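Please open the model in a viewer and keep the selection panel at hand. The tour begins at the ligand and then moves to a strand.

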Amino acid sequence: MFITFEGIDGGGKSTHMKATAAFLRARGVDVLVAREPGGTEIGEQIRTVLLDHKNKSMTPSAELLLFSASRAQLVNEVIRPHLAKGGVVLLDRFYDSTFAYQGYGHGLDLATLRIITEFATGGLTPDLTLFLDLSPQVALNRRYAASLFGEEFNRLDAVHAEFRQRVVEGYRALMQAEPHRFVRIDAEQPLPTVQASVIACIAQALQLEIES
Ligand code: TYD
């Protein structure tokens, strides 16, 4: 089963993914955790270029192609092989991020994004996508607070508030278009509450898979 986590930065994706992986591993599930951009040696090199403050002049289309290049490598090198042996993949961001950020956020043509995404993934789609939904203001406050305690605050964190708002609205539109794939999690709730919802949702999904 292929499960992706989506949402703007500050929603706690990586924390919840770690807890979910631990929960599944304790139950003997063969879990692979990865992130985008990155997740492979080549993808991590691409990630460094994407997040570097030096690259402020990067155009949205160059960004799109780099994200897609990282994705193509990850799908073929890591995700497909793990799914083929019956494992569970938990992925921090996938193509919904491209539609939300490069599409709704930067205004790139959605039909073009679909073609490039299809090419990069070979048509692979998640079985389940958890959308950690929270307002851009709450998200920004959390990211900034974390940065005071040593967490990175990178080039892509520094983009302006209206952009984040468009991204959140983009995610909501994507969710409405595919209600069966998405589950919305209210990420403004306290961390333990969000964590419990995430784990409940994934436990239920795997149970369904076992039964079918
Ligand atoms: P990262 O620091 O990994 O953010 P997070 O920990 O919240 O996942 O940086 C990833 C950034 O890349 C994030 O701001 C979203 C952005 N992004 C895109 O714009 N398009 C994409 O296709 C992907 C995968 C990520």
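Select H4 (95–105): this helix gives the shell around the ligand its largest share, 4 residues. Helices and strands here are DSSP runs, numbered from the N terminus (helices H or I, at least four residues; strands E, at least two). The model is predicted: local features need pLDDT of at least 70, side-chain atom pairs count only at pLDDT 80 or more, and totals for chains, interfaces and linings use all residues. Residues are numbered from 1 along each chain as its sequence is written, and side-chain values use heavy atoms, without hydrogens and water.

Next, display the 17 residues that surround the ligand, each with a heavy atom within 4 Å of it. At least two shell residues also come from each of H2 (41–51) and H3 (60–84).

Now show the side chains of Asp-9, Arg-47 and Gln-102, which are among the closest residues. An N or O atom of the Asp-9 side chain is 2.6 Å from a ligand oxygen. For Arg-47, a polar side-chain atom lies 2.9 Å from an oxygen of the ligand. Gln-102 places a side-chain N or O atom 2.7 Å from a ligand nitrogen.

Move on to strand S4 (residues 128–133): 6 of its 6 residues are buried, so the strand is largely enclosed by the rest of the structure. Buried means under 20% relative accessible area (1.4 Å probe, protein chains only). Leu-128, Leu-130 and Leu-132 point one way, and Thr-129, Phe-131 and Asp-133 the other.

Finally, add S1 (residues 2–6), which pairs with S4 in the parallel sense over 4 bridges; pairing requires at least two DSSP bridges. Here Phe-5 stands opposite Leu-130.

Note on methods: Polar contact = N/O pair within 3.5 Å; in protein donor to acceptor, adjacent residues only side chain to side chain. Buried < 20%, exposed > 50% of the residue type's maximum accessible area, 1.4 Å probe, protein only.
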